[in-house]
Amino acid sequence: MKQHDPVSKILLPVDGSEDSRRAVQFAGCMGAALSKSLSGITLLHVTAEGYFSRHMGYIDFRAEDLLQTEAFKKIKNQYIEERIKPFLDQSEKILIDLGVEVKIEKLIVDGDPASEIVRIADERRFSTIIMARRGLSELKGSFMGSVTGKVVHTASNQTVYVVGYKVLEDKTCPIPKILIPVDGSIYSMKGVEHAASLAKKLRGPISGITLLRVINIALFEERLKERIDPEEEAKRILEEAKAVFLKAGVSEELITIKMKMGNPAEEILKEAEEEQYNLVVMGRKGRSALKDLFLGGVSTTVLQRCQNPTIAIVSA
């Protein structure tokens with residue numbers, strides 16, 4: 001059976017900010033490292049609803065007819081030519097300079113940014129969305145209310161890469177050190193499969209892959225009452241995850257297995273910070289009653305607080 005390409009077609013939303021430039025840098029390095037297994041990259045800018053009213057305060061936008069006039073269209077086109085196309089062209093140049101050889105498309109649409117990003121990703125069958133994080137305000141949890149957070153929350157068919165603050169500018173391999181937390185669920189195994197396939201496809205060298213199983217101390221006694229040895233269970237989960245990498249052709253020498261006990265989110269964060277991984281791969285979890293995909297509590301905590309490495313939330 002043909003091996004699945006984990007990153008085959010990238011949607012790259014950009015807005016001209018330093019944050020989105022970081023995402024472009026990561027996508028360029030990733031695209032160069034994946035070489036011909038990547039079919040294309042689309043640079044997308046979504047002009048948010050209300051953008052022109054915020055930037056042209058001297059015009060009353062309450063009249064719907066005004067939006068259809070030639071005068072408004074001229075103003076809008078001028079903004080696109082002067083403000084939007086230049087950073088799209090600059091982003092394209094960055095990708096090319098980093099060694100991306102596949103087709104690069106540039107797309108500009110209007111609407112709610114998160115909704116449009118997910119809509120286009122679905123309609124055009126993108127495998128991957130790459131976006132930069134904006135960081136957290138003093139109000140913890142604000143990240144999940146951002147455009148990136150909303151995309152992570154709702155993109156059910158794509159793997160979303162949330163680019164961290166420390167991007168390794170290596171065209172041969174921008175993610176040499178990878179951490180994959182596992183818990184034995186089908187969701188975490190999807191993350192394992194994605195990481196294994198990615199490690200195999202990258203043109204440059206991987207320096208280390210760590211499979212981490214955190215035994216939840218809060219559930220330890222409960223598992224024992226169920227006559228399940230948590231440590232033996234953890235060993236089995238880790239060996240199953242390791243077998244996926246070996247089957248994909250990843251060298252056993254690159255794989256490290258770690259077992260810890262404590263609060264899963266805290267231990268993952270501690271491991272990621274102390275060992276300075278470039279990429280943390282986690283699976284998406286479940287559906288709510290409203291049929292919106294949501295992240296488990298551990299994934300959400302890691303995504304919000306683990307800010308330096310890139311986080312990949314893998315679609316099931």
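Let us start at Phe126: leaving aside neighbours within four places in sequence, this residue is in contact with Lys9, Ile10, Leu11, Thr42, Ile120, Ala121, Asn157 and Gln158. Keep in mind as you look around that the model is predicted. Phe126 sits in the loop between helix 4 (113-123) and strand 4, and with a relative accessible area of 2% it is buried. One more partner is worth finding on your screen: Ser8 lies 118 residues from Phe126 in sequence, yet the two C-alpha atoms are 7.7 Å apart in space.

Now step back to the chain as a whole. Its secondary structure comes to 10 helices and 12 strands. Of its 316 residues, 51% are buried. If you take the contacts between residues at least 6 apart in sequence, 80% of them join residues at least 24 apart.

The sheet comes next. Ten strands form an open sheet with mixed pairing, and their order is 3-2-1-4-5-12-9-6-7-8. Strand 3 (103-111) and strand 8 (255-262) are the edge strands, each pairing on one side only. Going across this sheet, neighbouring strands are turned against each other by 20° on average, with direction ignored.

Within that order, strand 9 is a good place to pause. Which strands does it pair with? On one side, strand 9 (residues 279-283) pairs in the parallel sense with strand 6 (residues 177-181) over two bridges, and Ile178 stands opposite Leu279 of strand 9. Strand 9 also pairs with strand 12, again in the parallel sense, over five bridges. Here Gly283 has Val314 of strand 12 as its bridge partner.

How enclosed is strand 9? Five of its five residues are buried, so the strand is largely enclosed by the rest of the structure. Both of its faces are covered: Leu279, Val281 and Gly283 are buried on one side, and Val280 and Met282 are buried on the other.

Let us turn to the helices that lie on the strands. Helix 5 (residues 147-154) lies across strand 4 (128-132), strand 5 (159-163) and strand 12 (310-314), and runs at about 155° to strand 4. Helix 9 packs on the sheet too, touching strand 6, strand 7 (208-216), strand 8 and strand 9, and its direction makes about 155° with that of strand 7.

Helix 9 also has a helical partner. Two packed helices are described by the angle between their axes and the distance between the axes. For helix 9 (residues 264-275) and helix 10 (residues 297-305), the axes come within 9 Å and cross at roughly 35°. The crossing of these two helices is right-handed. Helix 9 brings Pro264, Ala265, Glu266, Ile268 and Leu269 to the contact, while helix 10 brings Val298, Thr301, Val302 and Arg305. Sorted by class, this contact has six nonpolar, one polar and two charged residues.

Looking further along helix 10, you will find that its buried residues are Ser299, Thr300, Val302, Leu303 and Gln304. The elements that cover them include helix 5, strand 5, helix 9, strand 9 and strand 12.

Two loop residues deserve a look for their backbone. Most residues other than glycine have a negative phi. Gln276, in contrast, has a positive phi of about 55° although it is not a glycine. You can find Gln276 in the loop between helix 9 and strand 9, where it counts as exposed at 60% relative accessibility. Ser35 is the other case, with a positive phi near 55°. Ser35 belongs to the loop between helix 1 (18-34) and strand 2 (40-48), and it is partly exposed, with a relative accessible area of 22%.

Finally, what about the cysteines? A disulfide is a covalent bond between the sulfur atoms of two cysteines. A search of the whole structure finds zero of them. Why does Cys29 have no bond? The closest cysteine sulfur, in Cys173, is 9.9 Å from the sulfur of Cys29, which is too far for a bond. Cys29 counts as buried, at 0% relative accessibility, and Cys306 counts as buried at 5%.

How values were computed:
Residues numbered from 1 in each chain as written. Predicted model: local features only at pLDDT ≥ 70, side-chain atom pairs only at ≥ 80, totals over all residues. Heavy atoms only, no water. Axes fitted to C-alpha atoms, helices over the stretch in contact; angles between N-to-C directions. Helix = DSSP H or I, 4+ residues; strand = E, 2+ residues; numbered from the N terminus. Left-handed = near helix turned anticlockwise from the far one by under 90°. Contact = heavy atoms within 4.5 Å. Nonpolar A, V, L, I, M, F, W, Y, C, P; charged D, E, K, R; others polar. Pairing = 2+ DSSP bridges. Disulfide = S-S within 2.5 Å. Buried < 20%, exposed > 50% of the residue type's maximum accessible area, 1.4 Å probe, protein only.
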